[in-house]
Amino acid sequence: MRRLIGQDVGLRWLLPVALDHLRETAPQEAATGWYDDDLLSAVVTRAESVWREQPRLARHLDETVRMLTDLSSYIRHEAEGCRAALSDVLMA
């Protein structure tokens, strides 16, 4: 799934599935110390326009990222950059 998302293939269908998966596995991050950084990276590095066209999904992503407590620094940087670029969408 991350490869397809990373290539912008089928985003309309894959992003909701990926976001649901990331949300469902977020509680395990705290318990196990492991999280699917590759999938999260593919999701948060999609073009800003993708999220602006689907603000509900942008808010879903934001809520999921805020649940995560122990991301690697490079993923945290990518996620924060995405959230900052979409701050107006996330506040709506």
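**Exercise 1. Work out how well covered helix α3 is, and what covers it.**

*Solution.* Keep in mind that you're looking at a predicted model.

Step 1: Count the buried residues. Seven of the eight residues of α3 are buried, so the helix is mostly covered.

Step 2: Name them. The buried ones are Asp37, Leu39, Leu40, Ser41, Ala42, Val43 and Val44.

Step 3: Look for the neighbours. The buried residues of α3 pack against α1 (2–6), α2, α4, α5 and α6.

**Exercise 2. Describe how helices α2 and α3 pack: find the angle, the handedness and the residues that touch.**

*Solution.* Step 1: Get the geometry. Helix α2 covers residues 11–32 and helix α3 covers residues 37–44. Their axes lie 11 Å apart, and the packing angle is about 135°.

Step 2: Put a word to that angle. Angles over 145 degrees would count as roughly antiparallel, and 65 to 115 as roughly perpendicular. The pair fits neither label, and α2 and α3 are therefore oblique to each other.

Step 3: Add the handedness. The crossing of α2 and α3 is left-handed.

Step 4: List who does the touching. From α2 you have Leu15, Ala18, Leu19, His21 and Leu22, and from α3 there are Leu39, Leu40 and Val43.

Step 5: Sort these residues by type. Seven are nonpolar, one is polar and none is charged.

**Exercise 3. Place Ile5 in the structure, decide whether it is buried or exposed, and list its contacts.**

*Solution.* Step 1: Find its helix. Ile5 sits in helix α1.

Step 2: Check the accessibility. The cut-off for buried is under 20%. Ile5 has a relative accessibility of 0%, so it counts as buried.

Step 3: Find the contacts, skipping anything within four places in sequence. That leaves Leu11, Leu14, Leu15, Ala18, Leu39, Ala42, Val43 and Arg46 in contact with Ile5.

Step 4: Try a distance too. Ile5 and Leu61 are 56 residues apart along the sequence, while their C-alpha atoms are 14 Å apart in space.

**Exercise 4. Trace the salt-bridge network that runs through Arg52.**

*Solution.* Step 1: Start with the total. The count of salt bridges comes to seven.

Step 2: Take the partner in the same helix as Arg52. Arg52 makes a salt bridge with Glu48, with the closest N and O atoms 2.7 Å apart. These two residues are four places apart in helix α4 (residues 48–53), which means about one helical turn separates them. Here's the general idea: an α-helix has 3.6 residues a turn, so residues three or four places apart point the same way.

Step 3: Take the other partner. Arg52 also meets Asp88 in a salt bridge, 2.9 Å from N to O. This pair joins distant parts of the chain, since Arg52 is in helix α4 and Asp88 is in helix α7 (residues 87–91), 36 residues apart.

Step 4: Put it together. Glu48, Arg52 and Asp88 are linked in a network of salt bridges.

Step 5: Check how exposed each member is. Relative accessibility is 33% for Arg52, 36% for Glu48 and 47% for Asp88. Partly exposed runs from 20% to 50%, so Arg52, Glu48 and Asp88 each get that label.

**Exercise 5. Examine the salt bridge between Arg83 and Asp62, and say how exposed each partner is.**

*Solution.* Step 1: Look at the distance. The side chains of Arg83 and Asp62 meet in a salt bridge of 2.4 Å, N to O.

Step 2: Locate the ends. Arg83 belongs to helix α6 (residues 73–85) and Asp62 to helix α5 (residues 55–67), so the bridge links distant parts of the chain, 21 residues apart.

Step 3: Compare accessibility values. Arg83 comes out at 26%, so it is partly exposed, whereas Asp62, at 9%, counts as buried.

Step 4: See what else Asp62 touches. Leaving aside neighbours within four places in sequence, Asp62 is in contact with Arg83 and Leu90.

**Exercise 6. Say what stands out about the backbone of Asp8, and where Asp8 lies.**

*Solution.* Step 1: Check the phi angle. Asp8 has a positive phi of about 60°, although it isn't a glycine.

Step 2: Find its place. Asp8 lies in the loop between α1 and α2.

Step 3: Check its exposure. With a relative accessible area of 45%, Asp8 is partly exposed.

How values were computed: Residues are numbered from 1 along each chain as its sequence is written. This is a predicted model: local features need pLDDT of at least 70, side-chain atom pairs count only at pLDDT 80 or more; totals for chains, interfaces and linings use all residues. Side-chain values use heavy atoms; hydrogens and water are left out. Axes are lines fitted to C-alpha atoms, for helices over the stretch in contact, and angles run from 0 to 180 degrees between N-to-C directions. Angles under 35 degrees count as roughly parallel, over 145 as roughly antiparallel, 65 to 115 as roughly perpendicular and the rest as oblique. A crossing is left-handed if the near helix is turned anticlockwise from the far one by less than a right angle, and right-handed if clockwise. Contact means heavy atoms within 4.5 Å. Ala, Val, Leu, Ile, Met, Phe, Trp, Tyr, Cys and Pro count as nonpolar, Asp, Glu, Lys and Arg as charged, and the others, Gly among them, as polar. A salt bridge is a side-chain nitrogen of Lys or Arg within 4 Å of a carboxyl oxygen of Asp or Glu. Buried means under 20% relative accessible area, exposed over 50%, partly exposed in between (1.4 Å probe, protein chains only).
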